Amino acid sequence: MVESQIAARGIRDPRVLFAMKEVPRHLFVPPPYDKSAYEDSPLPIGNGQTISQPYIVAEMTELLALQPADSVLEIGTGCGYQAAILAALVRKVTTIERIPEVAVLARANLATVGISNVEVMVGDGTLGYPQNAPYNGIIITAATPSVPQPLVEQLADGGRFVAPVGGRDFQELIRLRKKGGSIAEEHHGGVRFVPLIGERGWSG
Ligand code: SAM
């Protein structure tokens, strides 16, 4: 998967490629879909939610430009796969999931693979989690109509923010970089995610 679908499509960061090789994706995918775990596609995880496509996980992780001492916030835990990749690269990951049953699944999956530097919270991630802020990286793994302002406020100076922003059916992957009070914005192509539902996201 890593050589043919991720490195071949342009992911270069050796730490990201290493993490993608190390984390066993099949342990995050419920049966019967676990047989397809190493295909480059999103898959159902229950509760109408999905595990993200491996290439997109790698691309968003590379865009975060993470350092080992970083603290990262993820919005949209799902089954915990993206959180596990982040956990292999940084000191601490805080991740927020809206659906309690999905958060339980993520905690179980992360425990199964022996990851202990991820804190899984239940709640509306559009408001962030100020108790653990500031974050060197913030990633939203659901489609948001706009950048939630609380998340920009919780980003450290020098921090990177990556999210799919746009409509319910199609979004643009954007990266923001916060530096000295100003924000630089880049666009990284079209993506499709399930909606981010919350106070600063979609209403339902
Ligand atoms: N990060 C996941 C992975 O590793 O495969 C994929 C996440 S899935 C595409 C999107 C998740 O975002 C769903 O589990 C959904 O319940 C969650 N979600 C939607 N709105 C949310 C919100 N306001 N706060 C937290 N989680 C939210």
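Me: What is a salt bridge, and how many does a search of the whole structure find?

Reply: A salt bridge is a side-chain nitrogen of Lys or Arg within 4 Å of a carboxyl oxygen of Asp or Glu. Side chains of opposite charge can pair when their charged atoms come close. Keep in mind that this is a predicted model. Searching the whole structure gives 6 salt bridges.

Me: Which residue meets lysine 21 in a salt bridge?

Reply: Look for glutamate 3: its side chain and that of lysine 21 form a salt bridge, at 3.2 Å from N to O. Glutamate 3 belongs to helix α1 (residues 2–7) and lysine 21 to helix α2 (residues 14–22), so the pair ties together parts that are 18 residues apart in sequence.

Me: Let's turn to the ligand. Where does the ligand sit, and how many residues surround it?

Reply: The ligand sits in the largest pocket. Around the ligand there are 26 residues, and the closest are Gly76, Gln82, Glu97, Gly125 and Ile197.

Me: How do the residues of that shell divide by type?

Reply: You can sort the shell around the ligand into 11 nonpolar, 11 polar and 4 charged residues. By element, β2 (49–51), β3 (71–75), α4 (81–87) and β4 (92–97) each give the shell at least two residues. The largest share comes from β2, with 3 residues.

Me: Which backbone atoms should I look at beside the ligand's oxygen and nitrogen atoms?

Reply: A polar contact is a pair of N or O atoms within 3.5 Å. Try glutamine 82, where a backbone N or O atom lies 2.7 Å from an oxygen atom of the ligand. For tyrosine 81, a backbone N or O atom is 3.4 Å from an oxygen atom of the ligand. At glycine 125, a backbone N or O atom is 2.8 Å from a nitrogen atom of the ligand. As for cover, the ligand taken alone exposes 610 Å², and the protein buries 99% of that.

Me: Now the backbone itself. Which peptide bond from proline 31 is cis, and where is proline 32?

Reply: The cis bond runs from proline 31 to proline 32, with omega near 5 degrees. You will find proline 32 in the loop between α2 and β1 (43–46). Another cis peptide bond joins alanine 133 and proline 134, where omega is about 5 degrees. Proline 134 is in the loop between β5 (118–122) and β6 (135–140).

Me: Is phi of asparagine 47 positive or negative?

Reply: Phi of asparagine 47 is positive, near 55 degrees, in a residue other than glycine. To find asparagine 47, go to the loop between β1 and β2.

Notes
Residues numbered from 1 in each chain as written. Predicted model: local features only at pLDDT ≥ 70, side-chain atom pairs only at ≥ 80, totals over all residues. Heavy atoms only, no water. Near = heavy atom within 4 Å. Polar contact = N/O pair within 3.5 Å; in protein donor to acceptor, adjacent residues only side chain to side chain. Areas by Shrake-Rupley, 256 points an atom, 1.4 Å probe, with all protein chains shown as cover. 1 Å grid on protein atoms, 1.4 Å probe; cavity = no way out; pocket = protein on both sides within 12 Å on 5 of 7 lines; lining within 4 Å. Sits in = over half its atoms within 2 Å of the grid points. Helix = DSSP H or I, 4+ residues; strand = E, 2+ residues; numbered from the N terminus. Nonpolar A, V, L, I, M, F, W, Y, C, P; charged D, E, K, R; others polar.
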